[in-house]
Amino acid sequence: MLATFIVGSQWGDEGKGKIIDFLSTKANYVVRFHGGNNAGHTVINQYGTFPLHLVPSGIFSKATACITNGTVLDLEVLIQEIEMLEKAGILLKNRLLISPRCHIIMPYHKILDGLYESAKGKGKTGTTGRGIGPVYADKVSYNGIRLFDLMDKKKFSEKLATQVAVKNKIITALSDNETLKHPRVKNNIMATISHQPLIQKEIEEKLLHVFAKIKPYIKEPHPILMQAVKQNKHILFEGAQGVFLDNDWGTYPYVTASTVLTGGINSGASLPVQGISEVLGVVKAYTTRVGEGPFPTELFDKDGDELRKEGAEFGTTTGRARRCGWFDAELVKFACELNGYTSIAITKLDVLDTFKTLSICTGYTYKGKPVRYYDGDADFLQEIKPVYKTLPGWQEPTKGLTVFEKLPKEAQRYIKEIEKLVSVKASLISTGPEREAIIIR
């Protein structure tokens with residue numbers, strides 16, 4: 001089985017979209033198997049600039065793009081992306097396959113997302129407000145609504161009636177007769193939360209209208225992917241989010257609702273993980289995080305501001321500013337252990353071009369003793385102290401370089417130091433947002 005899994009190795013936003021876009025030119029199938037539109041990949045290529053949240057980033061190649069059962073769908077967002085791609089001249093017919101087993105993000109999921117966050121007060125998780133947590137909660141508590149259900153109007157109506165009745169009681173109990181706004185999402189109409197009860201007929205009519213537009217793309221990808229395995233075709237699995245947002249191994253509760261790791265491919269896309277030939281971990285040349293939660297190497301000084309400015313660190317999904325810090329080798333080393341990386345891809349090296357010196361976190365200490373990431377929880381990570389190694393910067397432009405030996409010596413040393421600390425080689429180094437700005441090693 002020729003299968004490659006590409007996964008973010010920090011807290012997301014590592015530049016996976018570009019790496020996926022680059023590697024998908026040699027893939028037969030590109031698969032999105034988990035998460036929802038709480039993740040965003042920005043792809044820049046000859047067709048233009050595309051912020052994608054659900055459609056796999058590999059859609060720009062000749063590959064068949066599959067959204068499998070582990071993904072949750074906001075149908076309005078999905079339609080917007082389909083229309084954006086068609087307008088750019090990207091052919092989707094017979095190339096975009098969506099599993100009917102995908103669960104649907106309903107209006108009440110977004111409302112509950114905001115109400116839960118509001119109820120937590122200062123202890124809020126910092127979600128995107130897209131309804132991801134509540135839809136996965138409904139999935140595992142047998143209350144979910146899937147694309148399968150929308151194929152049968154009577155069944156859909158019956159299921160929706162039950163859920164609207166239950167959710168209205170919860171919404172009424174949590175609302176305080178005021179219009180609330182999700183604390184983390186700006187300029188998002190869907191984040192405005194009213195205490196008014198939901199009306200089933202309105203939800204039903206709107207969803208069925210949107211469903212009609214995506215119905216031509218609904219086809220179970222499993223038999224097609226299994227046939228691809230038998231024919232030794234190349235399958236590219238596209239990870240959303242990052243390892244440390246994984247629901248089990250991330251900085252819980254400041255995590256996402258799905259499994260981000262390699263093992264999630266089996267449940268989220270139905271294919272055996274033992275057939276995966278390459279696992280590529282994508283890492284930024286520094287570290288960023290969006291939302292709440294521990295961040296051991298976070299910078300609150302001019303260096304942090306410069307990273308944010310030079311790296312244009314603002315979220316694809318929410319537009320909010322990202323927190324920035326030095327490269328955390330302890331974090332990435334553990335990501336390598338969890339996923340069994342065969343190599344890593346380092347992105348945004350050119351963002352560091354202006355720095356006189358650079359720091360790399362080589363490990364953590366807690367109360368003066370060396371510790372590992374997995375030795376504690378999120379509260380523990382708030383208390384640890386990073387141990388740094390300082391390296392000279394190069395203060396020369398690396399943007400657009402495509403040969404490793406043409407990088408400044410200090411930049412080469414920085415890459416080699418990362419490889420040494422995480423015990424995995426870098427096979428790709430990105431030196432700009434364009435598809436061509438990449439070093440292949």
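Residues are described here as buried when their relative accessible area is under 20%, as exposed when it is over 50%, and as partly exposed in between, for a 1.4 Å probe and protein chains only. Helices (H or I, at least four residues) and strands (E, at least two) are DSSP runs numbered from the N terminus. The structure is a predicted model, in which local features need pLDDT of at least 70 and side-chain atom pairs count only at pLDDT 80 or more, whereas totals for chains, interfaces and linings use all residues. Residues are numbered from 1 along each chain as its sequence is written, and side-chain values use heavy atoms, with hydrogens and water left out.

In strand 2, Tyr29 and Val31 point one way while Val30 and Arg32 point the other way, and all are buried. Strand 2 belongs to an open sheet of nine strands, with mixed pairing and the order 7-5-2-11-1-12-16-20-21. Strand 7 (96-98) and strand 21 (438-440) stand at the edges of this sheet, and each has a single partner strand, so one side of each is left without a neighbour in the sheet. From one strand to the next the twist averages 20°, with axes taken as lines fitted to C-alpha atoms, for helices over the stretch in contact, and angles running from 0 to 180 degrees between N-to-C directions. Helix 8 (residues 222-230) packs on the sheet, where it touches strand 2 (29-32), strand 5 (64-67), strand 7 and strand 11 (234-242), and its direction makes about 135° with that of strand 2; contact means heavy atoms within 4.5 Å.

Two strands are taken to pair if DSSP finds at least two bridges between them. Strand 2 pairs with strand 5 in the parallel sense over four bridges, and arginine 32 has isoleucine 67 of strand 5 as its bridge partner. Strand 2 also pairs in the parallel sense with strand 11, over four bridges, with tyrosine 29 standing opposite isoleucine 235 of strand 11. Strand 1 (residues 2-8) runs parallel to strand 12, to which five bridges join it, and the partner of threonine 4 in strand 12 is glutamate 278. Strand 12 is in turn paired with strand 16 (residues 343-347), in the parallel sense and over five bridges, and here leucine 280 stands opposite serine 343. Six of the seven residues of strand 12 (residues 278-284) are buried, so this strand is largely enclosed by the rest of the structure. Strand 20 (residues 426-430) and strand 21, by contrast, run antiparallel and are joined by three bridges, with isoleucine 429 bridged to isoleucine 439 in strand 21.

Away from these strand pairings, helix 4 (residues 132-140) has Ile132, Pro134, Val135, Tyr136 and Asp138 buried. The cover over the buried residues of helix 4 includes strand 6 (72-73), strand 8 (103-104), helix 3 (107-120) and helix 6 (153-174). Just after helix 4, a positive phi of about 65° is found at tyrosine 142. Isoleucine 199, in the loop between strand 10 (192-193) and helix 7 (200-214), is partly exposed, with a relative accessible area of 45%. The C-alpha atoms of isoleucine 199 and alanine 165 are 9.5 Å apart in space, with their positions 34 residues apart in sequence.

The structure holds 14 aromatic pairs, where rings of Phe, Tyr and Trp (its six-membered ring) pair if their centres lie within 6.5 Å, and planes under 30 degrees apart count as stacked, over 60 as edge-to-face and the rest as tilted. The rings of tyrosine 366 and phenylalanine 380 have centres 5.0 Å apart and planes at 55°, so this pair is tilted. The pair links distant parts of the chain, 14 residues apart, with tyrosine 366 in strand 17 (residues 357-366) and phenylalanine 380 in helix 12 (residues 378-383). Tyrosine 366 is partly exposed at 28% relative accessibility, whereas phenylalanine 380 is buried at 12%. One aromatic cluster is formed by Trp11, Phe244, Trp249, Phe295, Phe334, Tyr373 and Tyr374. Arginine 441 lies over the face of phenylalanine 404, at 4.2 Å from the ring centre, the criterion being that NZ of Lys or CZ of Arg is within 6 Å of the ring centre and within 35 degrees of the ring normal.

Zero disulfides are present in the structure, a disulfide being a pair of cysteine sulfur atoms within 2.5 Å. Cysteine 66 is buried, with a relative accessible area of 0%, and its sulfur is 11 Å from the closest cysteine sulfur, that of cysteine 102, which is too far for a bond. Cysteine 324 is likewise buried, at a relative accessible area of 0%, and its closest cysteine sulfur, in cysteine 361, is 16 Å away, too far for a bond.
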